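This note is addressed to a colleague who is meeting the structure below for the first time. Its points are numbered so that each may be read beside the model.

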Amino acid sequence: MHKIENTRNIFQKARFVMILLLSVNITYSIQAQPVLKTGTGNMPEQWVDAVTGHLVKRLISNPGKHRSFYFHNNPFIGDLMVFYGSKPDRQSNNTPDGYVKSVSVNSSDNQLYSYNLTTGVTRRLTNCSGVMYGEIVNQRNKEAYYQIKDSVFGVNVLSGKNRFIFKFPDDFKASITTVNANGTLLAGAFASPLEKEITKKYPSKGGYFNRIFEAKLPRTLFTIDIRTGVLSKIFTDSAWLNHVQFSPTDPDLLMFCHEGPWQKVDRIWTINVASKEAPTLIHKRSMDMEIAGHEWFSSDGKYIWYDLQLPRGKEFFVGGTRLSDGKEIKFHVTRNEWSVHYASSWDQDHFAGDGGAHKSVANAPDGKWIYYFTPGRNKDGEYLQSEKLVDLNNHDYQLEPNVHFSPDQQWIIFRANFEGHPDIYAVKIKKQK
């Protein structure tokens, strides 16, 4: 009996020592992080932002240039995040930037990769030689979708197996931008040859943007059945139909926008791709120079959120429309807190923003931050209380940071170039003690 008790005591003491050592190691690990101003040359793998006190880390250790997805394109399948990265032997500056700009990607310099948020392991998913684009991931069937010229492909994010899905006919050369909730339909918008000529002749946004809007050329929304390869034309209008996104919960609900100068358009619309009924306007402008845009679905599919300004450049809000009854809500933010893009948390309790440069629409004197927002209410109405997470004063906003909440809601993931090239970072929402 005494031997058993002595053995138990020895085991308990050893266990206590192990726990103590682990605790000391974790504490040392946290305290040992260097406190640095973000973007002052090459940064270590992780550091504490000297201004905000939040832990920041670079996610991808592979050499090359890496970009996370556009703000409304969900990149996650479980603990895996899909992203674009250059091959180690090819480090081109031309990398995918959202769902439209990616057509300028240079050759095979960029491939789809997965990154395991738990283990930190990176895996290359594609090895394509042509210009590829598409930031389209479906959790249901574990696939990411991409396009090369007129052909559409899928890659299983778990196995890495690529497959051919569809080839556009010669009279309907279009681009995919989204997949529906149950992984059965891809969708996008078809542009006329005349519009493509405008883009080719005036390749910069400053050159083609107003010209395409003023031309009033027809665009057509379409779907592709992933199982059968059937192409269906859903809706055509003499307007610049863009920003096409499926609801994350309703497989038949498609959102799109009337692109152009935001102060000239009622921008945000939805359509049921099954019934093909007339589109529904989500937010009607109520004053001169009002703008609403950079719209996205909440993860539960109940709201469409958007950047709302009443009027443009004067008063700033994160606006939302509840799809069940059309009720609108707006959360006020200050000029400095205005962000190029916002994101909502998975539990719908918080927002994040990627800030904005001085020359952005808000002309904010101090807006270059990653923000974490908590909704509140005061005598003036609903507002967002902000916390600064990352100092981006050394970041060039020609690369938009495009924030994402991590699946566990402990981190905000963003892209930045403050080390001289595009890379992917994460900031811990909760400060280290």
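1. Strand 23, which spans residues 316-322, is a suitable place to begin. The strand is mostly covered, with six of its seven residues buried. Please keep in mind throughout that this is a predicted model.

2. Strand 23 has a pairing partner in strand 22, residues 303-309; the two run in the antiparallel sense and are joined over seven bridges. Within this pairing, leucine 308 stands opposite phenylalanine 317 of strand 23. The hairpin of strand 22 and strand 23 has six residues between the strands, and glycine 313 there takes a positive phi near 75 degrees.

3. The loop between strand 22 and strand 23 also holds proline 311. The peptide bond that joins leucine 310 to proline 311 is cis, with omega at about -10 degrees. As a general matter, most peptide bonds are trans. A reader tracing the backbone may wish to pause at this loop.

4. Strand 23 pairs with strand 24 (residues 328-333) as well, again in the antiparallel sense, over six bridges. Phenylalanine 317 reappears here, standing opposite histidine 332 in strand 24. Phenylalanine 317 thus faces leucine 308 as well as histidine 332. The hairpin of strand 23 and strand 24 has five residues between the strands, and in it glycine 326 has a positive phi near 80 degrees.

5. A further sheet deserves separate description. It is an open sheet of six strands in the order 1-2-3-31-30-29, and its pairing is mixed. Strand 1 (35-36) and strand 29 are the edge strands, each pairing on one side only. Strand 29 pairs with strand 30 (residues 411-416) in the antiparallel sense over two bridges, and phenylalanine 405 has isoleucine 412 of strand 30 as its bridge partner.

6. Which residues lie nearest the centre of the second largest pocket? They are His72, Asn73, Asn74, Pro248 and Trp346, from a lining of 34 residues. About 710 Å³ of space lies in this pocket. By residue class, the lining divides into 17 nonpolar, 15 polar and two charged residues.

7. Several strands contribute to the lining of the second largest pocket. Strand 9 (132-138), strand 13 (175-179), strand 17 (241-246), strand 21 (291-297), strand 25 (342-344) and strand 29 (404-405) each supply at least two of its residues. The largest share, four residues, comes from strand 9. Strand 29 therefore has two roles in this note, since it is an edge strand of the open sheet and also supplies at least two residues of the pocket lining, as strands are delimited here by DSSP runs.

8. Glutamate 143 belongs to strand 10, residues 143-148. Is glutamate 143 buried or exposed? Its relative accessible area is 6%, so glutamate 143 counts as buried, the cut-off being under 20%. The side chain of glutamate 143 makes a polar contact of 2.7 Å with the side chain of tyrosine 145. Another polar contact, also of 2.7 Å, joins the side chains of glutamate 143 and arginine 163. With neighbours within four places in sequence left aside, the residues in contact with glutamate 143 include Ile77, Ile136, Val137, Asn138, Gly154 and Arg163.

9. Helix 3 occupies residues 205-215, and its buried residues include Gly207, Tyr208, Phe209, Ile212 and Phe213. Helix 2 (193-201) is included in what covers them. Lysine 216 follows helix 3 and has a positive phi, near 55 degrees.

10. Two further loop residues call for attention. Most residues other than glycine have a negative phi. Methionine 289, although not a glycine, has a positive phi of about 70 degrees; it is found in the loop between strand 20 (280-281) and strand 21. Asparagine 402 is likewise not a glycine and has a positive phi of about 55 degrees; asparagine 402 lies in the loop between strand 28 (381-391) and strand 29.

11. How exposed or buried are these two loop residues? Methionine 289 has 33% relative accessibility and so counts as partly exposed, the range for that class lying between 20% and 50%. Asparagine 402, by contrast, is at 0% relative accessibility and therefore counts as buried.

Key: Residues numbered from 1 in each chain as written. Heavy atoms only, no water. Buried < 20%, exposed > 50% of the residue type's maximum accessible area, 1.4 Å probe, protein only. Pairing = 2+ DSSP bridges. 1 Å grid on protein atoms, 1.4 Å probe; cavity = no way out; pocket = protein on both sides within 12 Å on 5 of 7 lines; lining within 4 Å. Points joined across faces, edges and corners; volume = space filled by probe spheres on them. Nonpolar A, V, L, I, M, F, W, Y, C, P; charged D, E, K, R; others polar. Contact = heavy atoms within 4.5 Å. Polar contact = N/O pair within 3.5 Å; in protein donor to acceptor, adjacent residues only side chain to side chain.
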